[in-house]
Amino acid sequence: KKTPKQLPAPPHRRSSKAMQKVHVSTIKEEKLRNSLWALSSQIDAEISQKEVEELESLFSASPRPSAKTAIGSKRGKGVRPAKQSSAMIIESKRANNLAISLAQYRAFSNFDDLVTAVVSLDESNLNAEKLCNMQSLLPTTSELNQLKQLNGQVDGLGRAELFFLAVAKMKLFKEKLFSFCYLL
């Protein structure tokens, strides 16, 4: 009786970086006998240092540096790049909900164009449903007062704040929006 050939143990390498955890199910040894992995013992499977570094860069557990990371900031030490005004004007949950709701107005290149379309009663990209939805997105009086305190500083503002700024520039926008919604 022939005894099954044991597969050679894979070479043990320790990475210089923490790697992502990969969850795989084991394959029965009898299926591996005629596979590429069984033949690998016959092939010179030496991996160059360059290939190891490339694999580490692709599968390392540490997040890749992004453009949002402030220069000189220390990751994991509680130091975050400061978002200038978005936290001051609108609480984060409301800002996220507004940003999601504003996605339905992508046909407009910016929020000034959207506000102008409402004021000019342009129905080409707006319907009654979108106009009624916009009514619930309007800024409160306290949010408008906080916007006035910005003095034209728009750097670092989120989508919701930019929408609020466009609305605040237009006189009687709320009333014009309600009228346009009523006409449709």
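Here are a few worked exercises on the predicted model shown above.

**Exercise 1. Get the overall picture: how many helices and strands are there in the protein, and what share of the residues is buried?**

Solution. Start with the secondary structure. The protein has ten helices and zero strands. Reading from the N terminus, that gives a run of α-α-α-α-α-α-α-α-α-α.

Next, look at burial. Of the 184 residues, 22% are buried. The accessible surface adds up to about 14600 Å², and carbon and sulfur atoms own 54% of that.

Last, check how the contacts are spread along the chain. Take the contacts with a separation of 6 or more: 75% of them are between residues 24 or more positions apart.

**Exercise 2. Find the salt bridge of Arg-94: which residue does Arg-94 pair with, and which parts of the chain does the pair tie together?**

Solution. Step one is the count: the structure holds two salt bridges. In one of them, the side chain of Arg-94 meets that of Glu-143, at 2.8 Å from N to O. The cut-off for a salt bridge is 4 Å, and 2.8 Å is within it.

Step two is the location. Arg-94 sits in helix H5 (residues 92-102) and Glu-143 in helix H8 (residues 141-148), so the pair ties together parts that are 49 residues apart in sequence.

Step three is exposure. Arg-94 has a relative accessible area of 24%, which makes it partly exposed. Glu-143 comes in at 7%, so Glu-143 is buried, given that buried means under 20%.

**Exercise 3. Stay with Glu-143: which residues does Glu-143 touch, leaving out those up to four places away in sequence?**

Solution. Go through the contacts of Glu-143 with that filter on, and you get Ile-89, Ile-90, Arg-94 and Phe-164. Now pick out the polar part: the side chain of Glu-143 makes a polar contact with the side chain of Arg-94, at 2.8 Å. So the salt-bridge partner of Glu-143 turns up again in the list of touching residues, and the buried acid at 7% relative accessibility also touches Ile-89, Ile-90 and Phe-164.

**Exercise 4. Work out the other salt bridge: where do Asp-112 and Lys-169 lie, and are they buried or exposed?**

Solution. First the geometry: the side chains of Asp-112 and Lys-169 meet in a salt bridge of 3.5 Å, N to O. Then the placement: Asp-112 belongs to helix H6 (residues 111-119) and Lys-169 to helix H9 (residues 159-169), and the pair links distant parts of the chain, 57 residues apart.

For exposure, Asp-112 has a relative accessible area of 33% and is partly exposed. Lys-169 reaches 59% and counts as exposed, since the cut-off for that label is over 50%.

**Exercise 5. Look at the surface: which residues make the nonpolar patch, and what is its area?**

Solution. The patch is made by Met-19, Leu-55, Leu-58 and Phe-59, and it covers about 340 Å². Take Phe-59 as a sample member: Phe-59 lies in helix H3 (residues 49-59). Its relative accessibility is 41%, so Phe-59 counts as partly exposed.

**Exercise 6. Place Cys-132: which helix holds Cys-132, and how far apart in space are Cys-132 and Tyr-182?**

Solution. Cys-132 is in helix H7 (residues 128-135). With 38% relative accessibility, Cys-132 is partly exposed. Going C-alpha to C-alpha, Cys-132 and Tyr-182 are 9.2 Å apart in space, while in sequence they are 50 residues apart.

How values were computed: Residues numbered from 1 in each chain as written. Predicted model: local features only at pLDDT ≥ 70, side-chain atom pairs only at ≥ 80, totals over all residues. Heavy atoms only, no water. Helix = DSSP H or I, 4+ residues; strand = E, 2+ residues; numbered from the N terminus. Buried < 20%, exposed > 50% of the residue type's maximum accessible area, 1.4 Å probe, protein only. Patch = residues over 30% accessible without salt bridge, like charges linked within 9 Å, V, L, I, M, F, W, Y side chains within 5 Å. Areas by Shrake-Rupley, 256 points an atom, 1.4 Å probe, with all protein chains shown as cover. Polar contact = N/O pair within 3.5 Å; in protein donor to acceptor, adjacent residues only side chain to side chain. Contact = heavy atoms within 4.5 Å.
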